[in-house]
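Here are a few short exercises to work through with the structure open beside you. Try each task before reading its solution.

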Amino acid sequence: MKISDVLKERMGFSFEVFPPKTDVGMEKLCGKDGVLDKLYTLKPDYISCTYGAGGTNVGKNLEVLDKIQKDGVCTPVTHFTCIGNTKEGIKEQLQNYLDHGINHMLALRGDLPFGWTGTGGDLHYATELVKFVRQEFGDKFTIAVAGSPEGHIACRSLEADISFLKQKQDNGADYIMTQLCWDMDQFRYWLDAIRNAGIWLPVDVGIMPILDQAATINMALSRNGCVMPRELCEIISKHWIFPNPFDKEPFDAAVEQKKKDFKEAGIEYTINQIDEYRACGINGIHLYALNKYDDVARIVKESGIVDLI
């Protein structure tokens with residue numbers, strides 16, 4: 001069954017993983033009794049795998065997705081970026097995914113890698129990528145597109161961002177995966193706004209577990225420009241690691257206890273946010289697994305996202 005159909009019938013549940021850069025990391029994720037095997041026990045509808053701009057790290061991406069496809073427990077979904085890609089390159093790579101039995105994708109513009117010296121590619125935006133995939137492959141792919149409840153940081157306004165999301169729908173997208181958003185008032189405003197704009201696609205909400213101070217701050221500010229609510233800021237402040245959480249050798253004598261306490265508070269925060277999202281009537285929860293199992297498994301079980309019996 002297509003993921004878009006699942007999301008229309010009931011609340012879906014899924015994970016995001018990333019392709020490790022080392023053989024050790026790949027074995028930990030994809031090896032026997034590795035992270036993927038453990039994530040399967042939580043009964044996700046699909047697992048997506050990230051993908052670098054211009055096809056960087058595409059080999060590892062496909063290796064991860066091949067395992068998910070071969071195991072047959074849930075649907076593999078590839079992220080796919082058009083920045084730095086030619087039309088011919090896009091066609092060849094997407095056909096390769098189809099040849100491997102992978103027919104679900106998240107269509108993204110993507111960001112050029114640091115130090116990139118190539119061109120920006122033949123396509124400039126995800127709207128163009130969705131249209132191109134439909135022209136070249138028809139309905140062979142189920143296409144997810146990104147939605148930004150706070151507006152994409154490169155877009156001139158939230159209203160413009162919503163109009164482009166409508167364009168993705170008109171060009172053939174099947175469902176929406178949202179970017180990270182902790183501001184629930186803003187999310188509720190955005191959800192009402194896209195429905196008023198005539199966007200009827202199912203909304204699958206992307207959630208990053210709050211497990212580490214530095215990772216949380218980095219994800220919010222360096223990548224997405226997310227608002228950090230007062231409650232989340234208080235959790236960071238109460239467990240602040242001196243001189244700062246990015247220092248590899250902090251002088252804070254209580255660093256290990258602070259990390260432990262922060263993770264505990266962060267998991268509780270994440271579970272509460274999942275409750276709030278579900279109360280909004282969203283169609284799915286897409287949890288960033290961060291290539292981990294124990295912490296995300298606890299979040300899944302304690303939040304009651306899925307029935308584990």
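**Exercise 1.** Work out how the span of helix H9 compares with the expected one.

Solution. Start with the residues: H9 covers 213–224, twelve residues. (Helices are DSSP runs of H or I with at least four residues, strands are runs of E with at least two, both numbered from the N terminus.) Next, take the expected span, 1.5 Å times one less than the number of residues; for H9 that is 16 Å. From first C-alpha to last, H9 reaches 16 Å, close to that expectation.

This is a predicted model, where local features need pLDDT of at least 70 and side-chain atom pairs count only at pLDDT 80 or more, while totals for chains, interfaces and linings use all residues. Residues are numbered from 1 along each chain as its sequence is written, and side-chain values use heavy atoms, leaving out hydrogens and water.

**Exercise 2.** Find which residues of H9 are buried, and what covers them.

Solution. Buried means under 20% relative accessible area, exposed over 50%, partly exposed in between (1.4 Å probe, protein chains only). On H9, the buried ones are Gln213, Ala214, Thr216, Ile217, Met219, Ala220 and Asn224. Their cover includes helices H10 (230–238) and H11 (255–279).

**Exercise 3.** Explain why Cys82 and Cys155 form no disulfide.

Solution. A disulfide is a pair of cysteine sulfur atoms within 2.5 Å. The closest cysteine sulfur to that of Cys82 is in Cys155, 15 Å away, so it's too far for a bond. The structure holds zero disulfides.

How values were computed
Contact means heavy atoms within 4.5 Å.
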